[in-house]
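Dear colleague,

I am handing over the structure below, since you have not worked with it before. Please look through it first, and then read the notes that follow.

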Amino acid sequence: MSLTPLLRKIFLVDLIKGLKVTFHYQSPSEAITEQYPLERPIVYERFRGQPRLNSNPDSGESLCIVCNLCALACPEQLIVVKGERNPATKRKEVVSWTYDLSRCMFCGLCAEACSTDALELTQDYEMALYSREGMILDQAALECGQEPVRYAK
Amino acid sequence: MLEAIKGYLSTNTTPGEAGSMFWATIYILIITIGISLAVICMNWLERKILAHMQIRLGPMRVGPHGLLQPFADALKLLIKEDIIPHDADKLVFWSAPVVVTMTSFTTFLVVPFGRTHAVTDLNIGILFMLGVSSLGVLGIIMAGWSSNSHYPLMGSLRSSAQMVSYEIAMGLAIVSAVLMTSLQTGTGTLSMIGIVDAQNAQQTWFIFKFFPLGLIAFGVFAIAMIAETNRAPFDLPEAESELVAGFHTEYSGFRWSLFFLAEYAAMLAVSSIAVTLWLGGWMRPFPNWLSGSAWNLAFSFVPALSLFVLAGMCLLGALRMPRIPQMRIQTVGLATFGSLLGFVGLVLLLPGVRERIQDIFWFVAKVAFFMYLYIWYRGTFPRYRFDQLMKVGWKVLLPTGLGVLIATAIWGLLPQLSTAILGVSQ
Amino acid sequence: MTDTKDRTAYLDLDTKDETFLDATELVINMGPQHPSTHGVLRVILKLDGEKVLGTECVIGYLHRGVEKIGENRTYAMFNPYVDRMDYVASVSNGLGYCETVEKLLNVEAPPRAQYLRVILTELCRIASHQVWLGTHALDIGALTPLFYCFRDREEILKIFEKYCGARLTTHAFRIGGCLYEAYDGFEQDCKKFCDFFLPKLDEYEELLTTNRIWVERTKGVGILKPEDCIALGVTGPVLRASGVKWDLRKRQPYESYKDFDFDVPTGQNGDTYDRYLVRIEEMRQAVRIIRQASDRLPQGPIMAKVPKVIKPAVGEVYHSIEAPKGELGYFIVSDGSTQPYRVRVRPPSFVNLQALDKMVRGLLVADVVAVIGTLDIVLGEVDR
């Protein structure tokens, strides 16, 4: 064996190189842990999280026109929309709107299919609940979103 | 009472030599409490330092920055259900952790924390330590056998085979250090205090003696001691990703914590051997190069300074904590802990305490450095496979140890040999 | 009790199968729940002391019936399900499926969509290899590379999140192109990631490649000869490390891989160390491709003209891509309706796993874990 590899082997150079790498990462500024719930992660704009039924900001009416496209687009068929035609405005209005969050896989096909901007997947990700029944959201829950318990002000 | 204590503290002998059972008991109590405290510190330090090497934070919630985590772990282990396997040999099952813990603790009887700060100064000190730590292997075999399950049995056999093979390399390295003690006086000594005194008399730490032989002997011992205590990179018998989960599989709760305690105590014991034999024991750095009363005074401030540094880090951490009501108790706790450390530092500044604490502080600091090395290796190196582990022990360390021993002997005898040869030829 | 039925006769191996049960042998179960089996894989080992005489893998613990689900969903609806097979590298699953359906429909995604797809797939390749590196090192005992690798993976997942809204089950592509336009700063983010990542790769090499413990644990372990690779149908880095220069991106170029300049690393011995080196080099080449693609990202539409209701003509098509783990193939049979008649997935991990038996004969128990790690299997893919 030539001299340099032999010296490298005797003086444990390869082991010391590894030790240097781990030593240099010890400073606390390198730690990448986010201490949830004190530091919440930033989610970006396109994040597919908690669904929400949007309403017209001026009039407060729901933007949903009961076209049923979201229910048809969903792979899991967990949206059930019932509406009836309002003869005065000649448009369909929502009677009941159910979304089963427990089976949702947040693929976004429903929000893609929505013809108005009614259904949107927001940036909320704290959706844990204690029971399965609470995960079937009705129109009211969908419009105001969820209020998770905050552990820090 | 106070005069008795003062009178004792001014004597120049260890309690063992003075034949005082009372003071020997006090020292044993202090050492036992000290080891337990050290193990608690090691638990926290290991988790935090390993975490930082892995760019994460480690425990942060249980107490400020996880300082109460070891206590939480100890409490959890104490209240765990005590499970004994159905067909286990009950007496052996019960006594295995006791044997392992007792042997690890007994080795501390001869460890010198200072010139007179050992429980006793046996004149076969190092041999005693080596022999008693070998008894620990018996405890491991007992644990594996009594569990009545073939995974712990295989694990314990592997563990004991590994410990026994590396003890040979350790022994050879120790003998070469002991050989060096006979250089000036002509008579060597196996007593731990005597070895450090020999380093003092020869004015050089044995790691630098006969360069590079002292260094190689130290290196052999440093590697062998990691394998002896079943730590990374030699921790295959304990690793979780292998089929055999180790000799302490069937132990739960307090019994497992005894094994854990014994492992860390053994780590402390072999580090103490390394420190005593090669790194000058309780001597401060550069006792001869930077000698004189001015330097002595300067170095005597180091213990207090180090505690002030620790206290400063705690207080800084308390300042940096988020200021929300839920974190207030942690901030207060950390600030209190920091002030406590600062107070101890102030106590260490008092002139009377300053001189006496020197030896103990330097010894503990050197052992702490070795503990840090243990954690550093665990974070960096992969694991050796068992046959590769045995190969390293028998085919690499044993010949190196033998070679260093023979070389040390020849070098040590060189003056006499040369006068004999030259004298005859003249 | 002796079980003398030659269960591996169909494999045509050169050594006679001697794995019948014998009293001197020990049968150990590396159960579904195990820290190193990368998912719920059950491996039954027949040992002679410490040496492995034979293995049998029991899979199916993660079977979710994805292919059956495919028969009951429309083509566009099935897209999200595909990500969940190889959940570590979900973007490439989506790419394979979309390309197969596009082949069935005879459309091609526009150039900008193709470049976007290539960038995301190569990022996904790096992410998948990072998971592999971290878990493989963890199995061999090095605890820290796992966290370093996941830190780099975080950066990639951030880019995925910014682009399509999800980190893991991305659903990034659609049939005919991409739905999402590249966000502002997409190219800069990719280039920043490349600059951030390459020094990290050098660090991992410093930690592991020359480390004597790593070399001893991986050199000569789990050797797979090129003839055996081809006979077993093994693809991906495992095949390339045995010396066979076969990469679908070069041999059957899809997307816009023809436009990019990259090398295909191969090994010589076909052992674990070579597979490690090949994957590290693949990560470097992926960075090269990402840099080229982000520099030359063309303008234009990102979606081809695809009918609103996808009803391909009656027929069948097989299309495969070079996923991070090997050749990922989709075989779709269409009967003219909106739902496919049959979707069959050829997962690379499933086929690579069959090479496990050949690789571990004669090795020690501690090496089985290393070999499973080096095959880079994801049980979501194996079981579907």
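**A residue in chain B**

B:Leu135 counts as partly exposed, because it has 15 C-beta neighbours inside 10 Å, and a residue would need 20 or more to be buried or 12 or fewer to be exposed. Please bear in mind that this is a predicted model. B:Leu135 lies in helix α6 of chain B, which covers residues 125-146. Between the C-alpha atoms of B:Leu135 and B:Leu157, which are 22 residues apart along the chain, the separation is 15 Å.

**Two helices of chain B**

Also in chain B, helix α3 (residues 21-53) packs against helix α15 (residues 351-380) at an angle of about 40°, and their axes are 10 Å apart. That angle makes α3(B) oblique to α15(B), and the crossing in which α3(B) passes α15(B) is right-handed. On the side of α3(B), the contact is made by B:Met42, B:Leu45, B:Glu46, B:Ile49, B:Leu50 and B:Met53, while α15(B) brings B:Met371, B:Ile375, B:Arg378 and B:Gly379 to it. Sorted by class, the residues of this contact of α3(B) with α15(B) are seven nonpolar, one polar and two charged.

**Where the chains meet**

In the contact between chains B and C, 22 residues come from chain B and 23 residues from chain C. The elements of chain B that give two or more residues to the side touching chain C are α15 and α16 (386-425), and the largest share of that side, three residues, comes from α16(B). By class, the side of chain B that touches chain C has eleven nonpolar, five polar and six charged residues.

Chain C also touches chain A, in a contact that takes 20 residues from chain C and 19 residues from chain A. On the side of chain C that touches chain A, the elements giving two or more residues are α2 (75-83), α5 (145-164) and α6 (186-208) of chain C. Of these, α5(C) gives the most, with four residues, and the classes on that side of chain C are eight nonpolar, five polar and seven charged residues.

**A hairpin in chain A**

Turning to chain A, strand β2 (residues 79-86) and strand β3 (residues 91-100) run antiparallel and are joined by eight bridges. A:Asn86 stands opposite A:Arg91, which belongs to β3(A). Four residues lie between the strands of this hairpin of β2(A) and β3(A), and A:Lys90 takes a positive phi near 60° there.

With kind regards

Methods. Residues are numbered from 1 along each chain as its sequence is written. Chains are lettered from A and ligands numbered from 1 in the order in which they are written. This is a predicted model: local features need pLDDT of at least 70, side-chain atom pairs count only at pLDDT 80 or more; totals for chains, interfaces and linings use all residues. Two residues are in contact if their C-beta atoms, placed from the backbone, lie within 7 Å. Ala, Val, Leu, Ile, Met, Phe, Trp, Tyr, Cys and Pro count as nonpolar, Asp, Glu, Lys and Arg as charged, and the others, Gly among them, as polar. Two strands pair if DSSP finds at least two bridges between them. Axes are lines fitted to C-alpha atoms, for helices over the stretch in contact, and angles run from 0 to 180 degrees between N-to-C directions. Angles under 35 degrees count as roughly parallel, over 145 as roughly antiparallel, 65 to 115 as roughly perpendicular and the rest as oblique. A crossing is left-handed if the near helix is turned anticlockwise from the far one by less than a right angle, and right-handed if clockwise.
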